[in-house]
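Here are a few short exercises to work through with the model open beside you. Try each one before reading its solution.

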Amino acid sequence: MGEYIGLAASHGRNMEVKLADPVVANIRHEWHWVKPAIEEILSADSNLTFLPEDVYAYCKAEAALLWVTDDGFVVTTTETDEFTGDKTFLVWLAWAKSRGANLAVLHYEFFAKRAKEVGFAHIEVRSSVPALQKYLPENGWQVATVVYTRDL
């Protein structure tokens, strides 16, 4: 089931708007709109070193999954702790058509449930976007690592 995201005006009345659950999609079929969004993500963060085609290749090789909704997409991968064997459900990329809609938080329960069902121990989001800091901690997230880097 999708989640309700609040009230919206429709023909002068207030009604709840249902947020559709993400679905796994074929990167080939979605590439026409996903590629420009990935390019947008890359242009906003010079620390990211991969190409849009790398994301395509990971999805085609089933090393990553593309999840889509009418509102945007998420690309997820798996990381395994080499010492404990715990698997982490990593949200590698996330893009929304409308900024500030807080879709990552709205879809959290969906992704957490799916990840837990298949044996993941953790869910993780990495981002250099400062705005995420105001959303994630208030929703049960904790900072595990902050990475600072400097060119030599």
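The exercises below go from confidence, through the fold, to a group of aromatic rings.

This is a predicted model, in which local features need pLDDT of at least 70, side-chain atom pairs count only at pLDDT 80 or more, and totals for chains, interfaces and linings use all residues. Residues are numbered from 1 along each chain as its sequence is written, and side-chain values use heavy atoms, with hydrogens and water left out.

**Exercise 1. Find where the confidence is lowest and highest in the protein chain.**

Step 1: Begin with the average pLDDT (the predictor's confidence in each residue, from 0 to 100). The protein chain averages 82, and 80% of the residues score at least 70.

Step 2: Go by element, taking helices (H or I, at least four residues) and strands (E, at least two) as DSSP runs numbered from the N terminus. Strand 1 (residues 3-10) has the lowest mean, 31, while helix 2 (residues 52-60) has the highest, 98.

Step 3: Look at residues 1-17, where pLDDT stays under 50. For this stretch the model has 29 contacts (heavy atoms within 4.5 Å) beyond four places in sequence. Where pLDDT is low, the predicted coordinates should not be read in detail.

**Exercise 2. Write down the order of the elements from the N terminus on.**

Step 1: Count five helices and seven strands in the protein chain.

Step 2: Read along the protein chain to get β-β-β-α-α-β-β-β-α-α-β-α.

**Exercise 3. Work out which residues of helix 4 are buried, and what phenylalanine 111 pairs with.**

Step 1: Apply the cut-offs for relative accessible area: buried is under 20%, exposed over 50%, partly exposed in between (1.4 Å probe, protein chains only). In helix 4 (residues 108-117), Phe110, Phe111, Ala112 and Ala115 are buried.

Step 2: Search for aromatic pairs (ring centres of Phe, Tyr and Trp, its six-membered ring, within 6.5 Å; planes under 30 degrees apart are stacked, over 60 edge-to-face, the rest tilted). The whole structure has 11. Phenylalanine 111 makes a tilted pair with phenylalanine 89, at 5.9 Å centre to centre and 35° between the planes.

Step 3: Place both partners. Phenylalanine 89 belongs to strand 6 (residues 87-96) and phenylalanine 111 to helix 4, so their pair ties together parts 22 residues apart in sequence. Both are buried.

Step 4: Widen the view to the aromatic cluster formed by Trp67, Phe89, Phe110, Phe111 and Phe120.
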